[in-house]
Amino acid sequence: MSVLNYDTLVIGAGPGGYVAAIRLGQLGIKTLVVDKDKALGGVCLNWGCIPSKSLIQMAKTYEKTVSGTEKMGIKVAGASYDWAKTQEWKNGIVESLTSGIAQLLKGNGVDHRFGTATLTSSTSADFLDKSGEKLTINFKNCIIATGSSPVQIPGFTFDHQVIVDSTDLLELKSVPDSLILIGGGVIGLELGTVYAKLGTKLTVVEMMDQVLPGTSKDVAQLIERKLKRNKADVFVSAKAKSWKKSGDKAELTFEISGKDQTVTGDMIAVAVGRRPNSKGFGAESIGIKITDRGFIEVNEKLQTSVPNIYAIGDVVGQPMLAHKASKEGEIAAENIAGHKYSTRDIQVIPGVIFCDPEVGIAGLTEDEAKRQSKKIKTGKFPYGALGRAKSTGDIEGFARIVADYDSERVLGVEIVGTNASDMISEAALAIEMGATLDDIHLTVHPHPTLGEIMMETAKAAKGEAVHILNPKS
Amino acid sequence: MLKEFILPDLGDGIKKAVVLKVFVKPGDHLETDAPVVEIESDKATIEVPSTLSGLVKEVRIREGEEASEGMVLLIVETAGTGSVPPAPSAASQKAEEPGAIKVPPPASAGTPALVEVTLPDLGDGIKSAEILKVLVKPGDPVQADQGILEVGSDKATIEVPSPVSGTVAEVLVRDGDKAEIGRVVLKIVAGSPATASAPVAPEPAAPKTASPEVRSQAQPQEPATEPQPVSRQTAAPAAPSVRRLAREIGVNVNEISGTGPGGRITQEDVKAWSKKLHQTRGSSAGPVSGQAAGIAQKPLPDFSKFGPVERRSMSTIRYKTAEHLSYAWQTIPHVTQFDKADVTVLESLRKQFSPSVEKAGAKLTMTAILVKVLAAALRKYPQFNASVDMESKEIILKSYVNIGIAVDTDAGLIVPVIRDADKKNISTIALALTDIAGRARNRKITPEDLQGGCMSITNLGGIGGTSFTPIVNSPEVAILGVSRGSMEPVWNGSAFEPKLMLPLSLSYDHRIIDGADAARFLRWVCEALEQPLKLLIEG
């Protein structure tokens with residue numbers, strides 16, 4: 001059995017692992033990154049962020065083409081879509097990005113291999129290459145970046161035909177007539193919205209009292225309203241109980257207000273969360289501590305209980321987001337290279353949701369701030385009052401800013417509306433910089449743009465918004 | 001029941017504020033959220049609302065006075081029978097913040113609350129810390145935020161501030177103790193300090209160099225005022241690039257007070273803070289100063305890989321010695337001059353006069369004679385009786401002569417001082433030496449015994465050796481090392497004569513003493529030993 005020697009082994013080439021590997025390469029650390037799948041980029045690139053955004057864009061464009069342009073004087077007759085072509089287009093995007101990562105790794109002097117690694121000690125792993133070759137990898141440091149997998153719920157075992165997961169939803173052979181979605185969270189709603197826009201009858205069954213738990217009520221309500229306009233049925237505080245075959249369809253029984261109801265669809269997608277991939281590759285057998293909830297325990301430098309082994313991304317905890325994993329990859333890599341960097345240095349991990357309309361969140365929501373008994377002031381500003389939003393027809397949505405009452409330091413921003421995902425970065429920067437409401441609204445924002453909403457919202461918090469009347473205090 | 005209304009945290013690092021207006025007077029009925037006082041900090045004017053409702057019994061603040069966070073402003077008689085849980089006072093809310101000192105709510109009705117002060121979380125996963133210095137003793141009045149303990153972790157020396165104003169009831173730790181985070185270290189009776197008008201104890205300033213108080217080895221200089229970290233409830237307002245800088249150079253960004261708008265921390269603030277920390281740590285107290293100042297200890301290998309090991313904590317004396325010597329070694333450019341004195345005649349004289357000194361209750365030792373000779377030499381060569389003040393570019397010349405004697409005790413090395421050695425005869429010096437050496441070994445030495453040395457003698461002759469290079473006992477500028485005398489053949493011009501030769505090593509601070517002066521100084525010492533009359537004629 002041949003032996004490979006590296007400074008650092010990175011297990012998993014998702015957005016945590018490959019970013020860590022690139023950073024290690026930049027810092028002159030001899031690094032190997034391995035992944036058990038066929039491609040680099042992990043869930044994010046292959047079965048998550050990137051392909052889903054392609055489908056979301058396609059569905060949005062189709063919806064606009066069919067029904068959103070008449071007011072502008074455009075007449076479209078006989079619009080239709082070719083789903084196979086859509087899939088091909090989407091797969092092309094994924095391929096170009098994953099091959100791009102291979103080049104970036106190579107350019108930074110990082111080796112990569114496909115196969116399965118199993119930790120055998122704190123400095124070695126067995127590796128079964130996809131080619132069938134067995135290898136031993138010796139390392140001084142290791143980064144575990146094994147990610148997460150969809151949670152299965154009892155009674156709803158994934159058969160990938162009728163009971164499907166989020167990956168299946170990205171690769172459906174055809175657009176279903178009807179789709180039942182268990183879980184009204186981010187992943188489910190993003191993909192559910194795609195099919196709803198393409199004509200699928202969507203039913204959402206969510207256990208919590210609102211869709212998109214964690215977002216403010218009024219944000220969730222806006223999303224729910226839009227779903228209903230796409231003819232979706234949305235049930236909240238509803239618990240999926242069982243399903244059975246009914247002809248070539250699936251019938252779901254769920255409980256709502258103590259009563260059972262049924263709904264029938266072509267398939268049932270389960271998207272109720274993801275669980276960390278912390279087992280099955282030797283971590284526990286070499287003494288790495290794993291919490292009751294299955295996360296690998298790490299300190300602020302992202303060291304596990306075995307100090308030369310680090311862990312990053314979904315496998316160490318919430319939020320399970322690609323950009324959080326990437327940041328953690330950088331932190332682990334820099335600590336391995338002898339720099340000092342800590343997760344405590346990060347003030348905010350922003351989140352984005354590609355529903356219709358989009359949602360962007362950075363920092364505390366109003367409710368969270370109140371739960372923490374913070375004395376706050378808030379400002380809210382609607383898209384409808386932005387010239388740019390009016391001229392593009394994107395008048396749905398609003399932004400809300402939460403600031404400390406006395407210092408006016410920005411604590412959080414929520415934006416729901418067109419391009420919210422792009423605009424939330426300004427809020428993230430503001431929070432990282434310790435910016436105040438004044439810092440934001442005194443910055444000239446160009447007109448006419450959707451970005452003006454940050455300036456106006458900050459002004460609104462001070463009772464000085466220009467394009468809406470401020471409530472008399 | 002009676003409750004205290006405490007000035008809550010005002011946020012933004014505001015610790016003190018002037019009271020502009022007091023809205024309540026004794027006898028008033030106070031409602032929750034009703035304004036109690038209006039205060040003005042340098043940031044803003046704020047109305048402080050009450051967290052209590054009830055009858056105002058006592059108002060402890062007047063308009064125009066300065067109030068600090070945690071200070072008791074009002075005594076309020078609240079409704080209920082005592083089973084009512086106390087309204088969360090600001091102090092107890094603060095206690096939930098990580099890093100804050102835990103203050104249990106006031107204990108019982110009417111009686112002044114006994115506040116247990118626990119060792120606060122020092123961050124960075126530090127589990128325990130050494131109590132370097134207890135700054136207060138039972139009965140002392142303390143003000144909120146006044147330093148009560150100096151603790152050292154492996155990262156920094158931190159002054160722990162008092163969470164409340166009051167009187168120290170009990171001190172549960174001693175200098176040198178190791179204490180776990182969360183352990184109760186002090187008990188304070190909250191309320192107006194015993195002597196209400198007692199001013200806040202000023203921070204011990206670094207002794208300015210003109211002061212005659214020169215510390216000996218075991219008592220290094222007081223640290224310059226340790227920079228006070230800011231305590232914050234939320235993350236410090238600092239840009240990511242600034243936080244990275246702080247992380248890289250190993251300072252806690254949340255302890256820095258910012259000079260930017262809204263207290264924002266700039267790169268310059270981080271650098272200035274780090275410099276300040278290094279200055280105070282470098283000059284003493286910092287637990288890392290046993291190593292080179294500013295140089296982090298290199299990670300140690302796992303010695304147990306090579307065989308069994310045991311970890312023993314350093315005694316306070318050992319630790320202070322390590323610190324002090326590292327400092328002296330780093331700041332003083334050392335040169336050591338060697339010479340030998342012919343003490344053949346002196347030795348026979350010593351034996352001759354020994355019985356009379358012994359009658360007085362002391363031993364006539366070579367050290368006693370050396371103290372006298374050295375005292376005379378310091379009179380003759382005043383630049384050796386000096387200290388250096390690089391900051392003010394001054395040399396401090398002393399017109400008193402105190403000689404330090406290095407004493408090897410079970411607890412470690414200490415350097416007690418023989419005062420006014422130039423005014424004492426050898427017999428008196430011998431008596432003083434016997435007394436001080438005895439007390440040093442019995443641990444009866446007082447801090448005064450260790451202060452004010454001008455130059456030190458370290459005599460290893462009793463053990464052996466031919467020469468060594470002692471380290472100057474900063475802020476002194478020279479030290480005389482004595483090795484074992486031995487009979488040597490000495491050429492007298494026509495033949496070898498057996499002579500008792502005493503090897504001497506003079507280490508000196510080359511900043512203010514030149515080599516030629518050192519050679520002259522040591523030669524003079526040798527000649528005085530060879531020709532005791534020289535002492536009477538020249539000394």
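Here are a few notes on this predicted model, point by point.

1. Some housekeeping: residues count from 1 along each chain as its sequence is written, and chains are lettered from A in the order in which they are written. Local features need pLDDT of at least 70, and side-chain atom pairs count only at pLDDT 80 or more.

2. How sure is the predictor about chain B? Its mean pLDDT (the predictor's confidence in each residue, from 0 to 100) is 78, with 80% of residues at 70 or more. Among the chain B elements, helix α1 (residues 90–95) has the lowest mean, 39, and strand β25 (residues 478–482) the highest, 96. Helices (H or I, at least four residues) and strands (E, at least two) are DSSP runs, numbered from the N terminus.

3. Watch residues 193–224 of chain B, where pLDDT stays under 50; residues 283–293 of chain B also stay under 50. Where pLDDT is low, the predicted coordinates should not be read in detail.

4. Now look at helix α11 of chain A (residues 420–433). At 1.5 Å a residue, its 14 residues should span 20 Å, and its end C-alpha atoms are indeed 20 Å apart. (The expected span is 1.5 Å times one less than the number of residues.) Right after α11(A) comes A:G434, with a positive phi near 70°.

5. Which residues does B:F521 touch, leaving aside neighbours within four places in sequence? Its contacts (heavy atoms within 4.5 Å) are B:L374, B:A377, B:L378, B:Y381, B:F384, B:M455 and B:L506.

Key:
Heavy atoms only, no water.
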